[in-house]
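Trainee: I've got the file open and a coffee in hand. Could you walk me through it, contact by contact?

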Amino acid sequence: MDLPDVIAHCLSKPGVEETTPFGPDVLVYKVGGKMFALTVPDDFPARVNLKCDPERAVELRDEYESVIPGYHMNKRHWNTVILNGALPPKLVRELIDHSYDLVVASLPKKKR
């Protein structure tokens, strides 16, 4: 799965907006005003930061070399997923969905 596929999957989720609060070089994907994914399109290899359940975050890092603690993020709750082709596309989509679902679950009921 490459970065355009990741971006398309993020944008396909209900209520998602693409923003640039950290400047034009960083794309941030939010739902209900809260961030669930971010990427720097010029990075090579491409990578995306995704929110993750803390226990699962550690398990993923132990299992996959392409999943590392979230770069410039709270390492307990965020992973950086390196999009170098080592991870199955199904897993990358699942991780995006997991991040999105965590954020949606934390929103007030009227924002869900």
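Trainee: Which residue meets Lys 13 in a salt bridge?

Mentor: Keep in mind that this is a predicted model. The N to O distance in the pair is 3.1 Å, and a salt bridge needs such atoms within 4 Å. Lys 13 sits in the loop between helix H1 (3-12) and strand E1 (16-19) while its partner is in helix H3 (residues 89-106), so the bridge ties together parts 84 residues apart in sequence. The partner is Asp 97.

Trainee: Is Lys 13 buried or exposed?

Mentor: Its relative accessible area is 17%, and the cut-off for buried is under 20%. Asp 97, across the bridge, has 23% and is partly exposed. Lys 13, though, is buried.

Trainee: How many salt bridges are there in total?

Mentor: Lys 13 and Asp 97 make one of them. Glu 94 forms another with Arg 56, with the closest N and O atoms 2.2 Å apart. That pair links helix H3, which holds Glu 94, to helix H2, which holds Arg 56, across 38 residues. The count comes to two.

Trainee: And how does Glu 94 rate: buried, partly exposed or exposed?

Mentor: Look at its relative accessible area, which is 36%. Buried stops under 20% and exposed starts over 50%, so Glu 94 is partly exposed.

Trainee: There's some negative charge on the surface too. Where does Asp 53 of that patch lie?

Mentor: The negative patch is made by Asp 53, Glu 55, Glu 59, Asp 62 and Glu 63. Asp 53 has 33% relative accessibility, so it counts as partly exposed. Its place in the chain is the loop between strand E4 (47-51) and helix H2 (54-63).

Trainee: Which residue's backbone nitrogen does the side chain of Thr 80 reach?

Mentor: Start with where Thr 80 is: strand E6 (residues 78-82). At 0% relative accessibility it counts as buried. Its side chain reaches out over 2.8 Å, and the backbone nitrogen at the other end belongs to Tyr 71.

Trainee: What is the phi of His 72, roughly?

Mentor: His 72 is found in the loop between strand E5 (67-69) and E6. With a relative accessible area of 65%, it is exposed. It isn't a glycine, yet its phi is positive, at about 60 degrees.

Trainee: Which residue is joined to Phe 44 by a cis peptide bond?

Mentor: Check omega, which is about -5 degrees at that bond. The residue you want lies in the loop between E3 and E4. It's Pro 45.

Trainee: Moving to strand E3, how far apart are the C-alpha atoms of Phe 36 and Val 67?

Mentor: Phe 36 belongs to E3, which covers residues 34-39, and it counts as buried at 0% relative accessibility. Along the chain, Phe 36 and Val 67 are 31 residues apart. In space, their C-alpha atoms are separated by 16 Å.

Trainee: Last one: what is the C-alpha to C-alpha distance between Leu 38 and Asp 25?

Mentor: Leu 38 is also found in strand E3. It is buried, with a relative accessible area of 11%. Leu 38 and Asp 25 are 13 residues apart in sequence, and the distance between their C-alpha atoms is 11 Å.

Note on methods: Residues numbered from 1 in each chain as written. Predicted model: local features only at pLDDT ≥ 70, side-chain atom pairs only at ≥ 80, totals over all residues. Heavy atoms only, no water. Patch = residues over 30% accessible without salt bridge, like charges linked within 9 Å, V, L, I, M, F, W, Y side chains within 5 Å. Areas by Shrake-Rupley, 256 points an atom, 1.4 Å probe, with all protein chains shown as cover. Salt bridge = Lys/Arg side-chain N within 4 Å of Asp/Glu carboxyl O. Lys, Arg positive; Asp, Glu negative; His and termini not counted. Charge placed at Lys NZ, Arg CZ, Asp CG, Glu CD. Helix = DSSP H or I, 4+ residues; strand = E, 2+ residues; numbered from the N terminus. Buried < 20%, exposed > 50% of the residue type's maximum accessible area, 1.4 Å probe, protein only. Polar contact = N/O pair within 3.5 Å; in protein donor to acceptor, adjacent residues only side chain to side chain.
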